[in-house]
Amino acid sequence: MKSDQILLDADSIEDCASESASAAQRLEADLRCALLRNEFLLHYQPQVSCHSARIVGVEALIRWQHPTRGLVAPGEFIPMLEESGLIIPVGEWVLRTACKQTRAWQEAGLGRTGVAVNLSGRQLEMENLFAIVKAALDESGLEPAYLELELTESYLMRNPEGAIATLSRLKAIGVRISVDDFGTGYSSLAYLKRFPLDTVKVDRSFIQNIVMDSDDAAITRAVISMAHSLKLDVIAEGVETEAQLGLLIANNCDAIQGYYFSRPVDADTLATMLREDRRLVSKLLADDAHARTLLLVDDDEAIINVLKLLLCRNGYRVLSANSAEQGLTLLGENRVDVVISDQKMPGMKGVEFLRRVKEIHPDSVRMMLSGYTDLKSVSDAINEGAIYKFLSKPWDNELLCTNIEEAFRSKEMAADNKRLGEELHAANIELARVNEDLRQHLHVKSQQVMRDEIALGTAQEVLQLLPWPYVGIDSDGMVAVASADAEALFANGAPLLGTMAVECLPGALIEWLDSEEAGVLGLDIAGSRYRVSRRAMGANSRSSGTLLTLESEGSRP
Ligand code: C2E
Ligand code: MG
Ligand code: MG
């Protein structure tokens, strides 16, 4: 009985395995047909700038319009495409379609939006990847700077040297490279610096808990600041809430992508978004009209009410929370300049709360207003910069107001300094770019001059071989070119170049030149007779003046 049971189980496992093998085979066969039947399509998800609030790019995401299953997400078929090698032709179709679509938006006057295309490891390993990308760009007419290729860390790590070589060639023509799902592959940014990257996309798994999980917030902040120091842009993926967005803005993230702004949409819907110049709407975005905002956190409702009354009179926007947890949520949803917290509250204590605030909103000014002093924890928090000032309860209204006004001023001054620093940084980058352009321009010019000099030297050498003496006189009457024979004839071999024609040529010749008579002149020089012809210079060059050639008619009898 027992062995029967085992036999039965083995059978069913085999059945199941062959069923799943045949399911896999069916999927592979279906996918082959899908490509032929044009069942694949692309959706596009906008990427929005945290600075300008505008759409700055889109990510192309493949979908499968299955005849019976409807729209199938890539997670269900990309692994099979990779396993079967079908990802190569499908990936090429994605590239060509995305480039063509993006160019079409640009030509329709919908702005200069770029497109990001996901590449799989198999594509990165292809020897002709460069040629395929180049062909997609050439065929569509899309400028390379508007195409970004997304690769995950794991694909980059499979064959780093090969990836660096291929990506460097693509980068050299202007294509941008980004590392996708950053943070999931255990590699450090310092290591990734070896690759020619432009953008880091922070994985959705970090963004999901960024508001409540201080580790995820700290990791994201560290990634942003390290990426910036390596001159890389940062896009946060999977942003779904205003609180996540607020935290990312507060930490200088460059752009976001996620359901909060838009799900991936079809090409027509995206065109409408571009046409309407759809923007990120958030009170957290920097704007000059931002009201000075203060957050009060105290579990004593009566204290909150008294303080609100006092502070609203000073023109501040006052937010309040009865617990640290509630305070963190409000901080995610609002741009807060100054935070004032009680120390002794149920749940998270004030010191711990202000430490968290420092981590996720380092630009805020944090103060403690408490009657209770656990000297050690409060002084530790002050020493590590989590608390700007400690004020004791009961408070003196005037002193409190002065301290709060100072806190706002200190915040605004820091913001001004930061803005000036950023402007300086941007100006330096622009200056470096202009210098580089200038350097390139000079390089091209000096190469051109060098080529011209060589051509001129060659031409002069060839001219010296001519059997007749010749002299070129420029429009100011100066000798611009003369053969050695002419120098022997008119100046005993001394150089004629740069001398005035009237000083070195015979008077009869000068008179004939001045008369502007056409035809030829017969001239005797040093016992020989010459036929002098003149031609205006400049027919085939930018020179002007007259070219004289002397033809010997033999010795005078
Ligand atoms: P990915 O490149 O990391 O793309 C982002 C994924 O996150 C997309 O899933 C997108 O719909 C989803 N997403 C964006 N914002 C949010 C959000 O706020 N919340 C949540 N929950 N999800 C969000 P999708 O379209 O299902 O694509 C999944 C993965 O399939 C992509 O991840 C990418 O690795 C792969 N993929 C998609 N298209 C292609 C392709 O053309 N070629 C290759 N090789 N892979 C592709
Ligand atoms: Mg991607
Ligand atoms: Mg991703």
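**Figure 1. Helices H10 and H15 run roughly parallel to each other in this predicted model.** The crossing angle is roughly 30 degrees, and angles under 35 degrees count as roughly parallel, so the pair falls in that class. H10 spans residues 214-229 and H15 spans residues 350-360. Their axes come within 9 Å. The crossing of H10 past H15 is left-handed. On the H10 side, the contact uses Ser214, Ala217 and Arg221. H15 contributes Arg356, Glu359 and Ile360. Sorted by class, this contact holds three charged, two nonpolar and one polar residue.

**Figure 2. Helices H5 and H7 pack with a right-handed crossing.** H5 covers residues 129-140, and H7 covers residues 160-172. The angle between them is about 25 degrees. Their axes lie 10 Å apart. With angles under 35 degrees counted as roughly parallel, H5 and H7 are therefore roughly parallel to each other. Leu129, Phe130 and Val133 represent H5 in the contact. They meet Thr166, Arg169 and Leu170 of H7. Four of the contact residues are nonpolar, one is polar and one is charged.

**Figure 3. Four protein residues hold the magnesium ion (ligand 2).** The donors are Glu59 (OE), Asn118 (OD1), Glu150 (OE) and Asp180 (OD). They lie 2.0 to 2.2 Å from the ion. Along the chain, the donor residues are spaced E-x58-N-x31-E-x29-D. Glu59 sits in strand E2 (residues 55-66) and Glu150 in strand E5 (residues 147-152), so this pair ties together parts that are 91 residues apart in sequence. Glu59 is buried, with a relative accessible area of 4%. Glu150 is buried too, at 1%.

**Figure 4. The magnesium ion (ligand 3) is coordinated by Asp180, Asp181 and Glu237.** Asp180 and Asp181 each coordinate through OD. Glu237 is listed twice, each time through OE. The coordination distances run from 2.1 to 2.6 Å. The donors follow the spacing D-D-x55-E. Asp181 belongs to strand E6 (residues 176-182) and Glu237 to strand E8 (residues 233-237). The two residues are 56 residues apart and link distant parts of the chain. Asp181 counts as partly exposed, at 25% relative accessibility. Glu237 is buried, at a relative accessible area of 11%.

**Figure 5. Asp180 bridges the magnesium ion (ligand 2) and the magnesium ion (ligand 3).** The two ions are 3.9 Å apart. Asp180 (OD) is among the donors of the magnesium ion (ligand 2). Asp180 (OD) also coordinates the magnesium ion (ligand 3).

**Figure 6. Trp395 lies in the loop between strand E14 and helix H17.** E14 covers 389-392 and H17 covers 397-464. Trp395 counts as partly exposed, with 22% relative accessibility. Leaving aside neighbours within four places in sequence, the Trp395 contacts are Ile303, Val306, Leu307, Leu310, Leu369 and Leu400. Ser370 is 25 residues from Trp395 along the chain. The C-alpha atoms of Trp395 and Ser370 are 9.2 Å apart.

**Figure 7. A cis peptide bond joins Lys393 and Pro394.** Its omega is about -10 degrees. Most peptide bonds are trans. Pro394 is in the loop between E14 and H17. Trp395 is found in the loop between these elements as well.

**Figure 8. Lys231 has a positive phi although it is not a glycine.** The phi value is about 65 degrees. Most residues other than glycine have a negative phi. Lys231 lies in the loop between H10 and E8. The residue is exposed, with a relative accessible area of 61%.

**Figure 9. Asn492 is a residue other than glycine with a positive phi.** Phi is near 55 degrees. Asn492 is found in the loop between helix H18 (484-491) and helix H19 (501-504). With a relative accessible area of 77%, Asn492 is exposed.

Technical notes: Residues numbered from 1 in each chain as written. Chains lettered and ligands numbered in written order. Predicted model: local features only at pLDDT ≥ 70, side-chain atom pairs only at ≥ 80, totals over all residues. Heavy atoms only, no water. Donors = N, O, S within 2.8 Å, 3.2 Å for Na, K, Ca; no water. Helix = DSSP H or I, 4+ residues; strand = E, 2+ residues; numbered from the N terminus. Buried < 20%, exposed > 50% of the residue type's maximum accessible area, 1.4 Å probe, protein only. Axes fitted to C-alpha atoms, helices over the stretch in contact; angles between N-to-C directions. Parallel < 35°, antiparallel > 145°, perpendicular 65-115°, else oblique. Left-handed = near helix turned anticlockwise from the far one by under 90°. Contact = heavy atoms within 4.5 Å. Nonpolar A, V, L, I, M, F, W, Y, C, P; charged D, E, K, R; others polar.
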